[in-house]
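Got a new fold in front of you and not sure where to look? Let's walk through it with some questions and answers.

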Amino acid sequence: MSTSPSVAVLGTGAVGAMTLWRLAARGARAVGFDTYAPGHDRGASGGESRIFRTAYKEGAHYVPLLRESRLLWTELERAGGTRLLHLVGGVTVGAADDPVVRAVQESGVDVEVLSGREAARRVPEHPLAEGEVLVLDREAGYLRPEAAVLTAVDEAQRHGAELRCRTRVSAVEPDGAGVLVTTGAGTERFDAAVVTPGAWARQLLPHLPVQARRITSAWFPRRDAELFDPGRCPIAIRVGAHAFSCFPALDGFGVKVNAHGGGWPPVESPESLPRSAEPELLARLHAAVTATLPGLRPDPVRVATYADGFTPDGHGLLGPLTGNLVLATGFSGHGFKLAPVFGDIAADLVLSGGTRRAIAPLSPHRF
Ligand SMILES: Cc1cc2nc3c(=O)[nH]c(=O)nc-3n(C[C@H](O)[C@H](O)[C@H](O)COP(=O)(O)OP(=O)(O)OC[C@H]3O[C@@H](n4cnc5c(N)ncnc54)[C@H](O)[C@@H]3O)c2cc1C
């Protein structure tokens with residue numbers, strides 16, 4: 001491939017925006033396409049906050065990628081002059097013998113296990129029941145997703161990338177040594193394309209094993225203004241009967257809680273995403289907050305749903321698909337924290353034809 005190849009990035013959500021940034025910063029003539037505009041709330045990258053954590057229950061093989069991603073988050077913050085990653089720490093809360101609690105401890109990251117008075121003193125937001133512990137990952141915290149996507153796109157543009165908002169790609173296909181990209185404005189040839197459509201993956205490439213599913217977030221008012229301070233309170237993942245993830249009060253008022261454990265319901269298309277939650281989910285959240293988060297009022301003041309693309313095994317699809325088409329999608333509800341390193345890997349694959357990073361477990365051809 002020439003020293004300055006033309007590369008289309010199809011979708012500028014978290015992964016596409018980071019890919020655009022990494023490609024442009026590394027000298028490619030990158031063009032980003034999106035049906036909407038960066039930072040929008042229809043896909044997987046809206047809703048004010050995302051968890052960053054390093055003691056990864058999903059597999060110790062992610063740890064080197066997470067550490068590289070953290071460095072790239074810092075690089076993006078410096079380049080854009082915007083704070084995106086707040087490393088306030090993260091706790092996994094649950095029974096000491098819970099398999100997830102154990103997996104976090106076995107991730108190879110130096111964690112601290114807290115219980116009793118010490119846990120209550122250091123993390124008063126999450127009181128423990130008998131037999132429960134907190135596993136503290138110091139290399140964890142929260143990210144600001146909308147600002148992250150916008151900063152990456154700004155940086156990409158600063159390096160010469162082009163952005164085409166409100167431009168839906170209707171088809172992408174290999175064409176000899178290049179790729180054809182079709183939009184309402186016609187068909188254009190690029191040297192390569194990175195396909196980053198998130199939950200819309202099957203609308204673009206119907207054979208992909210990616211299902212659109214929705215995740216609901218609800219914001220609960222604090223009872224006590226001392227608790228859930230965004231400068232100090234860790235993010236939390238509670239496992240067991242009342243499973244959820246939970247953030248500090250980033251707007252100074254409401255604490256965002258995502259219900260886990262009930263499975264993520266499929267959606268026909270992210271365009272048909274309901275803007276509120278079903279009563280059963282709200283009842284589950286009410287019960288979880290009542291039972292485990294006494295610092296919050298149990299009735300949410302805000303509810304929102306978002307769509308992500310899920311694969312059958314819960315791990316993303318990252319790698320060459322066919323010809324000069326690279327796939328980076330299906331990150332199954334946990335891809336945000338890794339988006340910068342995934343974008344850099346996509347740039348490796350396009351610009352060098354390979355990567356030094358270990359991505360075999362994410363191969364698009366594994367199903
Ligand atoms: C509510 C929720 C909470 C989550 N919490 C966390 C968390 O705490 N930590 C974490 O690491 N991960 C988390 N995740 C997962 C993470 O946010 C996603 O894996 C990640 O944002 C996926 O980014 P993406 O770029 O693949 O998708 P998106 O951000 O949805 O981007 C896809 C983009 O492609 C565009 N597009 C699609 N089709 C086309 C087309 N044909 N033409 C042009 N443009 C197109 C869309 O408009 C969209 O902008 C969460 C996800 C959700 C939904």
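Two strands count as paired here if DSSP finds at least two bridges between them. Keep in mind that this is a predicted model.

Q: In which sense do strand 10 and strand 11 pair, and over how many bridges?
A: Pairing takes at least two bridges. Strand 11 covers residues 178-183, and Pro174 stands opposite Val179 in that strand. Strand 10 and strand 11 run in the antiparallel sense, and the count of bridges is six.

Q: Which strands stand at the edges of the three-strand sheet?
A: This open sheet has the order 10-11-12, with antiparallel pairing. A strand with a single partner has one side left without a neighbour in the sheet, so look for those with just one partner. They are strand 10 (169-175) and strand 12 (186-190).

Q: What does the twist average from one strand to the next in the 10-11-12 sheet?
A: The sheet is open, and its three strands pair in the antiparallel sense. Going from one strand to the next, the twist averages 20 degrees.

Q: Which are the edge strands of the eight-strand sheet?
A: That open sheet goes 6-7-5-15-16-17-14-18, and its pairing is mixed. On average, neighbouring strands there are turned by 25 degrees against each other, direction ignored. Pairing on one side only marks the edges: strand 6 (111-114) and strand 18 (302-310).

Q: Which residue stands opposite Val91?
A: Strand 5 (residues 90-95) pairs with strand 7 (residues 132-137) in the antiparallel sense, over six bridges. Across from Val91, in strand 7, you'll find Leu136.

Q: How many residues apart in sequence are the parts that Phe33 and Phe190 tie together?
A: The structure holds six aromatic pairs, and one of them joins Phe33 and Phe190 edge-to-face, 6.1 Å centre to centre with 85 degrees between the planes. Both Phe33 and Phe190 are buried. Phe33 lies in strand 2 (residues 29-33) and Phe190 in strand 12, so the parts they tie together are apart by 157 residues.

Q: Is the Tyr36 and Trp200 pair stacked, edge-to-face or tilted?
A: Tyr36 sits in the loop between strand 2 and strand 3 (50-52), and Trp200 in the loop between strand 13 (192-195) and helix 6 (201-204), 164 residues apart. Their ring centres are 6.3 Å apart, with 55 degrees between the planes. Under 30 degrees would be stacked and over 60 edge-to-face, so this pair is tilted.

Q: Is Trp200 buried or exposed?
A: Its partner Tyr36 is partly exposed, with a relative accessible area of 25%. The cut-off for buried is under 20%. Trp200 has a relative accessible area of 17%, so it is buried.

Q: Which ring does the charged end of Arg302 sit over?
A: There are two such cases to look at here: the charged end of Lys256 sits over the ring of Phe247, 4.7 Å from its centre. For Arg302, the distance to the ring centre is 3.7 Å, and the ring is that of Trp219.

Q: How are helix 2 and helix 8 oriented to each other?
A: Helix 2 (residues 63-80) and helix 8 (residues 339-352) pack with their axes 7 Å apart, at an angle of about 95 degrees. Residues that meet include Leu65 and Trp73 in helix 2, and Val341 and Ile345 in helix 8. Angles of 65 to 115 degrees count as roughly perpendicular, so these two helices are roughly perpendicular.

Note on methods: Residues are numbered from 1 along each chain as its sequence is written. This is a predicted model: local features need pLDDT of at least 70, side-chain atom pairs count only at pLDDT 80 or more; totals for chains, interfaces and linings use all residues. Side-chain values use heavy atoms; hydrogens and water are left out. Helices (H or I, at least four residues) and strands (E, at least two) are DSSP runs, numbered from the N terminus. Axes are lines fitted to C-alpha atoms, for helices over the stretch in contact, and angles run from 0 to 180 degrees between N-to-C directions. Rings of Phe, Tyr and Trp (its six-membered ring) pair if their centres lie within 6.5 Å; planes under 30 degrees apart count as stacked, over 60 as edge-to-face and the rest as tilted. Buried means under 20% relative accessible area, exposed over 50%, partly exposed in between (1.4 Å probe, protein chains only). A charge sits over a ring if NZ of Lys or CZ of Arg is within 6 Å of the ring centre and within 35 degrees of the ring normal. Angles under 35 degrees count as roughly parallel, over 145 as roughly antiparallel, 65 to 115 as roughly perpendicular and the rest as oblique. Contact means heavy atoms within 4.5 Å.
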